[in-house]
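Here are some questions and answers on one protein model. Look at the structure first, then work through each answer in turn.

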Amino acid sequence: MLKQPTISKFFKRSVTNGGKRTPEEEAELVDLLDSDDSLLVKDDKDTGRENTTAAASIDDDSSCGHTVDSLGLNKRRPHSDGLSKYKFSKKQKLEGDEESKKGNFAARLDSILNARFSGSPGPEEEEEEVDEQTSKSTNSKSTKNKLTELDQQFKQLKLQNMDKILAVRVGYKYKFFAEDAVIVSQILQIKLVPGKLTIGETNPNDAKFKKFAYCTIPDMRLEVHLRRLMHHNLKVGIVEQTETFAIRKSAGSSGSIFSREVTNVFTRSTYGINEVFDSTERHILGDSTSVWGLVYEVQSNATKYSMVSVNLNSGEVIIDEFKDEKYTNDALDTRIVYLNPSEVITNKELDPKISQAFMNANPNVRFYQEEPDEDYKTSFKTQHSNIEITGRLFESLMLVRKYLAGFKNEKLLDLPERYQSFNSLTHMTLSANTVKNLDLFENSTDGNIKGSLLWTLDHTRTLFGYRCLKKWISQPLVNIDEINARLDAVQCIANEVDKIFIESLNNLLRDSQDLERILNRIAYGRTSRREVYLFLKQFSRIAGLFKSHQKFIEENVLASDGPIRRNSELLTKIFSELNAYWQSFPIPKLLSMINVDAALEKKDAEKAIVEYFNLNLYDDAEPIISKRRDIDSVIEELHEELKEIRSVLKRPMLNFKDEIDYLVEIRNTQLKTVPSDWVKISCTKMVSRFRTPTITKLVDKLKYHKDLLKNIAEEQYTNFLERIKHQYVELKSAIKHLATYDCILSLAAVSFNVNYVRPIFSDQKQLIKVKNGRNPIIESLDVNYVPNDISLSQDGNKVMIITGPNMGGKSSYIRQVALLVLMAQIGCYVPCEYAEFAIFDQIFTRIGAYDNLLRGESTFKIEMTEMLQILKACTPSSLLLLDEVGRGTGTHDGISLSHSILTYFIQLEADCPLVLFITHYPSLGRVRSKILGNYHMSYIEERRPNENWPSVIFLYKLKKGQAHDSYGLNVAKLANVPPQIINDAHKISEVMKRESELEDSIAVLNTVKKLLQNETPKSTRQNLIQDLMAMLDN
């Protein structure tokens, strides 16, 4: 052994020991180089971490110990061949002759020492870090091909967690090994240190290395890097050290490496509920994603599904059983769009067509298989008999519950009040196509939220209010009383918004935490002490606001003639139920038990844990107080020992250097007075620092008691959270009321925009009557939008055929109709001068053209499949938007199909839904019916020099009648197609038109000829006359 275990021995210039290095010194030197520089130079006072003997003096200029030359560090001597693996270049191989190894060692050592002498940072660390308190290596005992203890420990953990990327804490860093390191280094773009690439050593090059390949990230950057890994939908396990040095030493544990285990697991869906970084972002990663348990059965003509969807952040558990007919995934696609699954748990491998449906919506979706045994299922049924789910739905529940157990989040599924059905009689369920085509949650151009209906309506102050608004948009109401209740609340809050109570409540919500997510983190996830304090404080502030404005509540809400009670049943319910809950609210008492300074502490992690409770008010403080007495007793013994030291050294004013390490500083000129059994810890040019044997024992004892205090504090904190969990149902209800109120505020902000009116709901089954209606999304983008009227009813036009030039505004018009209906049934005012609607049970859209190569489906097949779903699902109370049906095939087939579909709806007569039908086929104007009307988007036609074709000026105004041309050449001009090409196209177009007109003329003549023939039956003559009239009109 070296005489003093300090790093400062490298800086002494005196020569001792003849310049030779003993084998023991050689081994210790190897260990020092093998250890992580960051562990050696980190100042314990700044980090709050346990100090090491080697780290004690690195911050001082050394004047004691051995010199560099005395240890023979400048001579190339034989050494442990383990050093040859420390640094690799891309061109360097592991094997090499002995002289090569010696040269690498000397160069490596010189670079370290030169950097330290000059005060500059050391070379880039590529060595493997060793555990805290275990920097003394056992290299001399290792065999040639044996893994290091840390690598072996990782291998054992990895074999138990093959589905996870493991981040292993080593010192102040997290390390990724083998296969995990390859993946992570590519995603994070960080260096991969060469080594074995597989834990099973299946890579041919693995035999060349003795350790696993690895890459590292600083522990302070874990959150940033985790987010980047989550964006690739990886499953990451965090491996932490599970014992401290003091407790390990007290327990007499053997082995040179600390025990580790996976303490936390993150995926995209579970990140928000399990992260411990106190994130302040408005939209947390994975906020809208879910985990599915899915059981399915493929039958001859359909596929049946049983699904349990869990959103951990909102606490929603959606259960549903549905089916898709053969060759379609319409029902599955709809649920994927609504619930956004990022992890799907099944009991067998998914059918490729089903898995592709998930991947079309989210290419990074992950699939896992679970097999809950019968004992697991029986145990759940016994403990949760109040959850009445059976059959395949129960199998789905067990799949997702067992999966979430791996994250310790399964307790959500033990709360029966969280279960709800996907479909409901109180709201419409929009299809996946409708959600996409109407840009409800993201625009169809670049997929961003800006330009969507959600973006237009979102003025919420809280995240839980935002989630509620998103749900309202996706599920418009179908009950007229509930719709009017929301509209009444919107109107009422607009009248009361200037009241002090309303304004104060609005400000509180604006500054609020995500109370819903924090409550769920407390109930079945992971949360921080600071977050719990802010959660309780926010609730206490809201409760305090209600109590301080009790007079306003009584006069305006509780009184029978109060304006809020009189004008809004929904607001009255919200305020009265919240007020009743605050009267017996237990949260302020729990809040008073918290020590605010410790709760908000960010730098001193130990203080935040052990001093979290206000022991004067905390009602279970005895265990903590008792352990603090033990600590105080040890500290008292240390001060008694200090008195002895003062006596020995005859220095009555001597004190410890600090109350952390309890070191005694002695001037180097007085070292002769130091007893021989004192342990020298470190030294500088002026002083040396010592501990007596008694102090060494007492310091170890003090650390032991502090570790026990930390464990007790953790236990008390867990018990404290349990007390909050007992209020889960009541707190969840309060948050729901606050979210509803936030949504009403948001809709009110939109509703009292310029020229918005309250919609009127009619008792008629079919009615849309709007005067000067506008598209709310386009108008929100500061575009001057030309208003248009809408008139559809059961007594008038049920079917509108809309023609007009390309880019003339036809698609925007029909989308506008649907958006106005949606906004009205959400409970929002609409942009127009007058609006009256019937209640619609569904909105269907067939807009756009696209193919699906992965499914092997052409544009036309997708178009016809979607059309089939609409024909099957629509009712007389539905609204249909059909844009250019039949354009995905040849002209004649397209015209035939469009004509047949129109005829089908017309023949339904009373049962015909309201249909807006866009087409570029002029021949559809021949269809005649009393429930059908022909309209076009108006324009002005003009001729310009050097252009043979007519140009148009778009007026974007809907008018009666049919457009006689689509003016596609005008769009070609707007796209900067060369004029010569457009002129040639115009010539060809004119020829084709003349041929078509000639065919029509021949058809007219043939019809007249048949009419003039006397042998034509009377019934046939009547039909021929109708056909002739249609052809002449056309």
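A nonpolar core is a set of buried Ala, Val, Leu, Ile, Met, Phe, Trp, Tyr and Cys residues joined through side-chain atoms within 4.5 Å. The model is predicted.

Q: Of the 190 residues in the largest nonpolar core, which touch the most other members?
A: In soluble globular proteins, nonpolar side chains tend to be buried together. The largest nonpolar core here has 190 residues, and helix α29 gives the most to this core, with 13 residues. The members that touch the most others are Phe-575, Ile-768 and Leu-879.

Q: Which residues does Ile-768 touch, not counting those up to four places away in sequence?
A: Sequence neighbours up to four places away are left out of the list for Ile-768. The remaining partners of Ile-768 are Ile-790, Ser-791, Leu-792, Val-817, Val-821, Glu-836, Phe-837, Phe-840, Leu-879 and Leu-914.

Q: In the open sheet of four strands, which strands stand at the edges?
A: The order of the strands is β16-β21-β17-β18, with mixed pairing. A strand at the edge has a single partner strand, so one side of it is left without a neighbour in the sheet. The edge strands are β16 (760–761) and β18 (788–793).

Q: What angle does the direction of helix α31 make with that of β18?
A: Helix α31 (residues 810–826) packs on the sheet. It touches β16, β17 (767–773), β18 and β21. Its direction and that of β18 make an angle of about 70°.

Q: Which residue of β21 is the bridge partner of Ile-760?
A: Strand β16 pairs with strand β21 (residues 834–837) in the parallel sense, over two bridges. The partner of Ile-760 in β21 is Glu-836.

Q: How many bridges pair strand β7 with strand β8?
A: β7 (residues 302–311) and β8 (residues 316–325) form a hairpin with four residues between them. In the turn, Gly-315 has a positive phi of about 80°. One bridge pairs Val-310 with Val-317 of β8. The pairing of β7 and β8 is antiparallel, and the number of bridges is ten.

Q: Which residue of β11 stands opposite Ile-319?
A: β8 is also joined to strand β11 (residues 419–421), by three bridges. β8 and β11 run parallel. Opposite Ile-319, in β11, stands Ser-421.

Q: How many of the ten residues of helix α19 are buried?
A: The buried residues of α19 (residues 515–524) include Glu-516, Arg-517 and Arg-521. They pack against α9 (271–274), α16 (463–474), α20 (529–548), α28 (693–725) and α29 (728–751). The helix is largely enclosed by the rest of the structure, because the number of buried residues is ten of the ten.

Q: Are α20 and α23 roughly parallel or roughly perpendicular to each other?
A: Their axes come within 10 Å and cross at roughly 105°. Angles of 65 to 115 degrees count as roughly perpendicular. Therefore α20 and α23 are roughly perpendicular.

Q: Is His-737 buried or exposed?
A: His-737 lies in helix α29 and is in contact with Ile-574, Glu-577 and Leu-578, leaving aside neighbours within four places in sequence. Its relative accessibility is 12%. Buried means under 20%, so His-737 counts as buried.

Q: How far apart in space are Ser-576 and Val-557, C-alpha to C-alpha?
A: Ser-576 lies in helix α23 (residues 569–583) and is partly exposed, with a relative accessible area of 23%. Leaving aside neighbours within four places in sequence, Ser-576 is in contact with Val-557 and Leu-558. Ser-576 and Val-557 are 19 residues apart in sequence, and their distance in space is 6.9 Å.

Methods:
Residues are numbered from 1 along each chain as its sequence is written. Side-chain values use heavy atoms; hydrogens and water are left out. Two strands pair if DSSP finds at least two bridges between them. Buried means under 20% relative accessible area, exposed over 50%, partly exposed in between (1.4 Å probe, protein chains only). Contact means heavy atoms within 4.5 Å. Axes are lines fitted to C-alpha atoms, for helices over the stretch in contact, and angles run from 0 to 180 degrees between N-to-C directions. Angles under 35 degrees count as roughly parallel, over 145 as roughly antiparallel, 65 to 115 as roughly perpendicular and the rest as oblique.
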